[in-house]
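Subject: Structure for your review

Dear colleague,

Please find below the structure that I am handing over to you. My notes on it follow.

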Amino acid sequence: MSSAKFKLLAVSVVGALVLAACASPGGGGGHTKEGIPLGATGPHPVQPLPDKPRFGQPVSEAQLAAWNIDIRTPDGKGLPAGRGSVSEGQKIYVAKCLACHGENAKGGSVYGAMVGGIGSFKTGTRVLTPGSMYPYAPILFDYIRRSMPMDSPQSLTANEVYALSAYILNLNGLVAADAVMDQNSLPKVQMPNRDGFIVDNRPDVRAVRCMSNCK
Amino acid sequence: MTEKLTSSTAAPRSRKSRKHLPAEVDAQLESQDRRRFLRGSAAIAGGVVAAGAAGAAAAQALPIPDSNKSMGKAMPATEYGMPSQFEKHVVRRRTDVFVNRQNWSDWSMTPLQHQPGIITPNGLIFERHHAGTPDIDPAKHRLVIHGMVKQPLMFSMDDLVRYPSVSRFHFHECSGNGLTDWLKPASKTVQQTHGLLSGCLWTGVLLSTLLEEAGVDPAGKWVIFEGADGSAHTRSVPIEKCMDDTMIVYGMNGERLRPENGYPVRAVMPGWEGNVSVKWLRRIKVTDQPAHFRSETARYTDPMPDGKWRQFSMVMECKSVITNPSGGMVLKGPGFHEITGLAWSGAGKVRHVDVSVDGGANWREATLEEPIMDKSLTRFKFGWNWNGGPATLMSRAVDSTGYVQPSVAEIQKVRAIVGFVQHHNAIQPWSVNAKGEVSNVIGQV
């Protein structure tokens, strides 16, 4: 291909991209395979490098064990060994959580309720609690372990976190009073908001640029 | 519809025909107060009578200022300069509408009404933390990349600053910006309505550089970011964004990050809701699917009709707000006022900003001040000759994809405006009464 022809092709490709962007207000820049809008705007200039610098120091997954605490919450992948019951959870809750979250997780001096709200999303007042909102029960484990208690995060044992998860789920009527949570049972708890989410589908508003006599 | 389209092109054309005139004069000529303006000009041209009357108090000779008659403050050997003692009112403020009962998981807002230009000073950049601000020693801090990569890697801060650096201007906005003011006014000032917004020059290394070094498994489609703060704040982000323009940032506005903004290192995902740009960044893990953390299910999701929630709504859509005049201000009499504000889009550049002074019935295009950059705050200006009567001021931005900033009513048609509604990018109206007092009238126009 001659260079003139190549330039012509390049120009028409750019033109097509511009047209594509204009045809989709707010939606320019492509989507992930799940359909999430990316808002990508094309390449930025980058400095040419004689060689790629490599300054990262090799590290092993074993060295990262204490850091590698995220749970894949839909199926519980990453949940550690251990177990905890509702009654054990109640004792830990009273000792370490009640001061902020209140008795029976009904809301306390600092934070609102962690029980109830199931069925409220179709009303004018949506009540957000772990019971009403979390699509997957392992979110409880992941969040409590990494963030709670607020004044001493990452201090609870796996058994304590399982027990607190069991207690909160029981208060929300999602597991029985004699339930024991572990890496097998926790992901099996069916959460009422499991199918409550839609992937970003914006732009969802198509306003018109009216300039005069618009009202 | 045809009529609307016609008028939308008519206004810019009429502006072009007087391209030699400054924007303020242009807008004045086009304003409904044209006659008043001409009368004013005649008075000025007619003589010094008006100026003399107004300047009666200044008949006394001006004294030599004390600052001319003394030595100033001596220069210390070293110093971090601070604003004048007379600027102490220009500060971040916690929300005064939604008052939290603790201040570790809280937010503070940027005083946009005091910000000239498009850069927010480092001491005024808004904050949102989930467990307070950690105090991290950069010499001890480590960032790791692991998961679905060929070789897990660890970086010290000394390692990170050796990479080829990029510096880019981008706005940063919390998804909850405006959450207290949808259907009726709750906030008084633009700091409280829109102050979860800042503009910065971010400096760091492209994440794609580091991911390429680690060697991403082709099956790795999502990336988990985790902070070193007490909440270990965590988000899942599509690999496409990580390989596009995501930065691993250590500098902002010409110095290292401030502790409250992620010192010593954070992610910056240009144009996306603020909380995905994880601060105090410690860990990056490549995975095959999102983890669905609390922070991307129970929080940072948007209520939709039928009890549903919109998830992974990342892009901050095109938006603008008039910062001067804005809520709580008082106009000092009829005559010329510069209407100015900020516009931005997470999907590209700002193309147009239109301003209305009559509550949205008629609009005229404002002047955009350069530089106009991708996913960056953009300053607009519009000269206005206030006739002294009631007025309602609004701005409306259009971005490079053609997206037009909507009204609250238009958003309400497709989303559920209930509870903690995120992604409020609607047009903000400010009402001016005959005394010149400016107030928030969101949802009332």
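How many residue pairs are in polar contact across the interface of chain A and chain B? The rule finds 52 such pairs, both residues being at pLDDT 80 or more; a polar contact is a pair of N or O atoms within 3.5 Å, where within protein one must be able to donate a hydrogen and the other to accept it, and residues adjacent in sequence count only if both atoms are side-chain atoms.

Please note that this is a predicted model, in which local features need pLDDT of at least 70 and side-chain atom pairs count only at pLDDT 80 or more, while totals for chains, interfaces and linings use all residues. Residues are numbered from 1 along each chain as its sequence is written, chains are lettered from A and ligands numbered from 1 in the order in which they are written, and side-chain values use heavy atoms, with hydrogens and water left out.

The interface

In total, 83 residues of chain A are in contact (heavy atoms within 4.5 Å) with 102 residues of chain B. The two chains bury about 7,800 Å² between them, 55% of it on carbon and sulfur atoms; this is the accessible area (1.4 Å probe) lost on putting the two parts together, summed over both. On the side of chain A, the residues that lose the most area to chain B are A:Trp67, A:Arg209 and A:Met211, together 11% of what that side buries.

The rule also finds 11 salt bridges across this interface, each a side-chain nitrogen of Lys or Arg within 4 Å of a carboxyl oxygen of Asp or Glu. A salt bridge joins the side chains of A:Arg146 and B:Glu226 (2.7 Å, N to O).

Helix α5 of chain A

Helices (H or I, at least four residues) and strands (E, at least two) are DSSP runs, numbered from the N terminus. α5 (138-147) is among the elements of chain A that each supply at least two residues of the side touching chain B, and α5(A) gives the most, with 5 residues. Of the 10 residues of α5(A), 9 are buried (under 20% relative accessible area, 1.4 Å probe, protein chains only), including A:Phe141 and A:Arg146. These buried residues pack against α4 (130-133) and α6 (158-171) of chain A, together with β8 (222-227) and β9 (234-238) of chain B.

A residue of chain B

B:Glu296 lies in the loop between β13 (281-287) and β14 (302-303) of chain B. B:Glu296 counts as buried because its relative accessibility is 1%. The side chain of B:Glu296 makes a polar contact with that of B:Arg235 (3.2 Å).

Yours sincerely

How values were computed: Buried means under 20% relative accessible area, exposed over 50%, partly exposed in between (1.4 Å probe, protein chains only).
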